[in-house]
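Trainee: I'm new to this one and could use a guided tour. Could you pick a single part and take me through it slowly, then show me a few other spots to look at?

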Amino acid sequence: MAAAAAAAARRAAGLRPFLFSSPASTRVPHRRVLSLTALPRPSRLLSHPARPFPTSPFSASAIATNGAAAGPTRELHLYNTKSRRKEQFRPRAPGGEVGMYVCGVTPYDDSHIGHARAYVAFDVLYRYLRYLGYEVRYVRNFTDIDDKIIARANQLGEDPFSLSKRFSDDFLSDMAHLQCLPPSVEPRVSDHIDQIINMIKQVGGDVYFSVDNFPQYGELSGRKLDDNRAGERVAVDERKKNPADFALWKAAKDGEPWWDSPWGPGRPGWHIECSAMSAHYLGHSFDIHGGGEDLIFPHHENEIAQSRAACCESSINYWIHNGFVNVNSQKMSKSLGNFVTIRKVTELYHPLALRMFLLGTHYRSPINYTIEQLNVASDRLYYTYQTLHDCEESCQQQQNDTGGSLPANTANYIQKLHDEFETSMSDDLHTSVALAAISEPLKVMNDLLHTRKGKKQEKRLESLSALEEKIRVVLSVLGLLPSSYYEALQQLREKALKRASITEEIVLQKIEERTAARKAKQYEKSDEIRKELAALGISLMDGPDGTTWRPSVPLSEEVVAAKT
């Protein structure tokens, strides 16, 4: 608490950690010269208000009321990287709070789709734990002081803390657009220097951690000490006894931020920060520690070693890691020129289309990012929201008869959706199966809305309302529920027009030209106009009230998408 108070006082006074650029006797505090405020949150942000999942329409009482048989909630099983198998989730404190720590970003550049993949995955876990009735304390940190931040700040001539705050704010904006719920706590390294120094003292008080003194080193990653050779992920340093030894505290260099410590001026090493902050907010032992697959070694391996050295009773029950993101079947990297930022994607696609694309692959599997598959996800999202919007409008225009039970077939669809959703999600968060489970109910809803037979079905509106309610819960847990179906549809249309480099006025003009051609029996010209727009991802829909348009997968990509 002392560190947090001191950091707050420094910020209030406009002060930052010292810069090591003068003799100890003449050091002066480095004053912040550039202050950037957070980007404004979008006024039409599609974020669903948080509500307690245990009282959702999927609760046993709600299902029974709707005429379907109630069933017990499935037991959650999660894949534990440490044991290399799926295990039943058993919180350390039954009936108490679940502790979850997820390693956050080092904010020195725009966040990329690999970040989106990780934090969407853990957002779904957070949401599903809440849906199951758990109280969750979710901690996700910012590494706001790091070699990469310092190098980028020097490159741009910017204060390192101003730069990291700017990119932290951008990251939070990106997460909000992706509808990732805010964690319970978002600590920053620079505010927890006291906790980090105290943990280093507990570890042994040296600036390097000797892995030879920790026999269990390598249990998480499965690596042996002989495998640890100096190289890209293991820095060369003559002070190391073993190439895998890692820095707990780095000596200050000229022009870099520093803090006083028993080992002289400097700053924390990368690994110690997460051990110190997780222990501070969750205790030395908690339920879930997560991050990307690339963090298994050395970061998480080193966390285990130093945390156990600081507290012999330190333990984490479940280590969970998400898979990598490839771009067009190649590893994403700046050197290959295929580095894709979240903002680059959301310039042309709805953020929830990106989220749906990510959820279409199991979180532990590698995912291959392609424009074709993103178009498929966007198209599917539009179809989902259009169906639910049509249902909402139909139910609002006509009064429901709320008495009595639902038709047996509707109750069966609801129960089937409930079972498939919980079974897939409780089996290590199979979001792709959960998404597939809503396909049949959506088809049933479209039949009730638009076919002659469906419009004549008994208790039609009650069935529509009940089905929409169940799908709403699924979308909410998956983080895909917009605040307004109508607004989401409008935003999807706007993005489609931007991708096609065309205005809606031109589309409507093309529709008029096609209508005139059809009246004149110029069917070849009519087909050419349809194909021209279809190639741009604009699909024309003919109906009794005329022709309308909707976004679609561009015609040239349909075959490619079907094959992949």
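Mentor: Sure, and keep in mind that this is a predicted model. Let's start with helix 7, which covers residues 270-282. Its 13 residues reach 19 Å from the first C-alpha to the last, close to the 18 Å expected at 1.5 Å a residue.

How much of helix 7 is covered? Mostly, it turns out: 10 of its 13 residues are buried, and buried here means under 20% relative accessible area. The buried residues include an unbroken run that starts at His-271 and goes on through Ile-272, Glu-273, Cys-274, Ser-275, Ala-276, Met-277, Ser-278 and Ala-279. Leu-282 is buried too. As background, an α-helix has 3.6 residues a turn, so residues three or four places apart point the same way. Now step just past the end of helix 7, and you'll meet Gly-283, which takes a positive phi of about 90°.

Next, have a look at the second largest pocket. Its volume is about 810 Å³, and 23 residues line it. If you want to find its centre, go to Gln-386, Asp-390, His-450, Met-541 and Thr-548, which lie nearest to it. Which helix or strand gives the largest share of the lining? That's helix 11, with eight residues. Helix 11 (371-397) and helix 14 (439-450) each supply at least two residues, and so do strand 16 (538-543) and strand 17 (546-551). By type, the lining splits into 10 polar, seven charged and six nonpolar residues.

Now for some strands. In general, strands of a sheet pair through backbone hydrogen bonds, either parallel or antiparallel. Strand 2 (residues 77-80) and strand 3 (residues 85-88) run antiparallel and are joined by four bridges. You can pick out one of the partnerships yourself: Tyr-79 has Lys-86 of strand 3 as its bridge partner. These two strands make a hairpin with four residues between them, and Arg-84 takes a positive phi near 60° there.

Last stop: an open sheet of three strands, in the order 14-13-15, with mixed pairing. Strand 14 (330-331) and strand 15 (367-369) are the edge strands, each pairing on one side only. Strand 13 (residues 325-327) pairs with strand 14 in the antiparallel sense, over two bridges. To see that pairing up close, find Asn-326, which stands opposite Lys-331 in strand 14.

Methods
Residues are numbered from 1 along each chain as its sequence is written. This is a predicted model: local features need pLDDT of at least 70, side-chain atom pairs count only at pLDDT 80 or more; totals for chains, interfaces and linings use all residues. Side-chain values use heavy atoms; hydrogens and water are left out. On a 1 Å grid over the protein atoms alone, a cavity is a set of points where a 1.4 Å probe fits but cannot get out, and a pocket is an open set with protein on both sides within 12 Å along at least five of seven lines; lining residues have an atom within 4 Å of a point. Grid points are joined across faces, edges and corners, and a volume is the space filled by probe spheres set on the points. Ala, Val, Leu, Ile, Met, Phe, Trp, Tyr, Cys and Pro count as nonpolar, Asp, Glu, Lys and Arg as charged, and the others, Gly among them, as polar. The expected span of a helix is 1.5 Å times one less than its number of residues. Buried means under 20% relative accessible area, exposed over 50%, partly exposed in between (1.4 Å probe, protein chains only). Two strands pair if DSSP finds at least two bridges between them.
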